[in-house]
Amino acid sequence: MKIIAGLGNIGKEYDQTRHNIGFMVADELARRWGLENAWRTDRNAMYVEYRAPEKVFLLKPTTYMNLSGNAVAPWAHFYNIAPEEVAVVHDDMDLPLGTIRIRKNGSSGGHNGIKSIISNLGTDAFPRFRLGIGHPVHEQQAVISHVLQRFAGDDKALVEEAVKKMADALELWLKEDGDLGKVMQQFNTKSSKAKKRAEKEAEE
């Protein structure tokens with residue numbers, strides 16, 4: 001069994017905001033699997049079940065972002081699902097908008113939802129599927145406004161494409177039975193700086 005947990009905040013005021021990009025990916029997967037109208041609630045999360053072919057629980061915590069671990073950990077503990085089988089999808093301000101970065105484990109990087117999951121699971125050894133939302137000026141109020149901002153114009157189109165790409169990455173993770181190697185190789189996108197450097201080296 002596996003868990004895919006898309007992080008976000010419940011409530012219409014948070015719908016489609018930058019902080020809710022994990023919910024957007026979860027909704028995309030539910031749509032692909034024909035389960036968009038099958039959401040139920042249990043253990044502090046909205047969830048649907050899918051077989052790929054093993055059982056997968058797709059979660060959207062109803063705890064609000066900062067207490068995400070109060071949803072993810074009870075599901076993992078109840079079904080005895082190992083941390084490496086729990087994929088967490090979340091926004092990342094330190095990545096350029098629309099950039100995908102997947103990693104096997106690591107610190108919270110200042111993300112309160114991840115901090116809560118690490119605390120509740122008692123380990124940081126769970127895969128992260130991070131989607132860049134860009135960073136405003138380093139001032140607390142600006143950060144809060146930024147993460148609660150909705151996408152518009154070119155940003156919206158870029159994010160919609162990135163959400164579909166992230167859903168592709170998660171489906172590959174399921175297909176590869178939790179092996180992140182191929183997934184990271186295929187979906188970890190380079191920064192524009194690294195891309196320019198690679199192009200320059202190719203020309204020389």
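What percentage of the 204 residues of the protein count as buried? In this predicted model, the share that counts as buried is 45%.

**Figure 1. Overall arrangement of the predicted model.** The protein has 7 helices and 7 strands. Read from the N terminus, its elements follow the order β-α-β-β-β-α-β-β-α-β-α-α-α-α. Considering contacts between residues at least 6 apart in sequence, 70% join residues that are at least 24 apart.

**Figure 2. The open sheet and its edges.** An open sheet is formed by 7 strands in the order β2-β3-β4-β1-β5-β7-β6, with mixed pairing. The edges are occupied by β2 (40–42) and β6 (100–103); each has a single partner strand, so one side of each is left without a neighbour in the sheet. On average, neighbouring strands are turned by 25 degrees against each other, direction ignored. Helix α5 lies across β1 (2–6), β4 (55–61), β5 (86–92), β6 and β7, and runs at about 170 degrees to β7.

**Figure 3. Edge strand β6 and its pairing with β7.** β6 pairs with β7 (residues 128–132) in the antiparallel sense, over 4 bridges. Arg101 has Arg130 of β7 as its bridge partner, and Arg103 has Arg128 of β7. In a regular strand, side chains alternate between the two faces of the sheet. In β6, Ile100 and Ile102 belong to the covered face, whereas Arg101 and Arg103 belong to the uncovered one.

**Figure 4. Surroundings of Phe126 in the loop between α3 and β7.** The loop that holds Phe126 lies between α3 (112–121) and β7. Phe126 counts as buried because its relative accessibility is 0%, and the cut-off for buried is under 20%. Leaving aside residues up to four places away in sequence, Phe126 touches Pro83, Val86, Val88, Arg103, Lys104, Asn105, Ile114, Ile117, Ile118 and Leu121. One of these contacts, Pro83, is 43 residues from Phe126 in sequence, yet the two C-alpha atoms are 4.9 Å apart in space.

**Figure 5. The second largest pocket.** This pocket holds about 230 Å³ of space. Its lining consists of 11 residues, and Gln16, Met24, Glu28, Glu160 and Val163 lie nearest its centre. Both α1 (21–32) and α5 (153–175) supply at least two lining residues; the largest share, 5 residues, comes from α5. By class, the lining has 6 charged, 4 nonpolar and 1 polar residues.

**Figure 6. Backbone geometry at Asn44, Pro53 and Asp177.** Most residues other than glycine have a negative phi, and most peptide bonds are trans. Ala52 and Pro53 are joined by a cis peptide bond with an omega of about -5 degrees; Pro53 lies in the loop between β3 (45–51) and β4. Asn44, which is not a glycine, has a positive phi of about 65 degrees and lies in the loop between β2 and β3. With 39% relative accessibility, Asn44 counts as partly exposed. Asp177 also has a positive phi, near 55 degrees, and is found in the loop between α5 and α6 (180–187). Asp177 counts as exposed because its relative accessibility is 52%, and the cut-off for exposed is over 50%.

Technical notes. Residues numbered from 1 in each chain as written. Predicted model: local features only at pLDDT ≥ 70, side-chain atom pairs only at ≥ 80, totals over all residues. Heavy atoms only, no water. 1 Å grid on protein atoms, 1.4 Å probe; cavity = no way out; pocket = protein on both sides within 12 Å on 5 of 7 lines; lining within 4 Å. Points joined across faces, edges and corners; volume = space filled by probe spheres on them. Nonpolar A, V, L, I, M, F, W, Y, C, P; charged D, E, K, R; others polar. Pairing = 2+ DSSP bridges. Axes fitted to C-alpha atoms, helices over the stretch in contact; angles between N-to-C directions. Contact = heavy atoms within 4.5 Å. Buried < 20%, exposed > 50% of the residue type's maximum accessible area, 1.4 Å probe, protein only.
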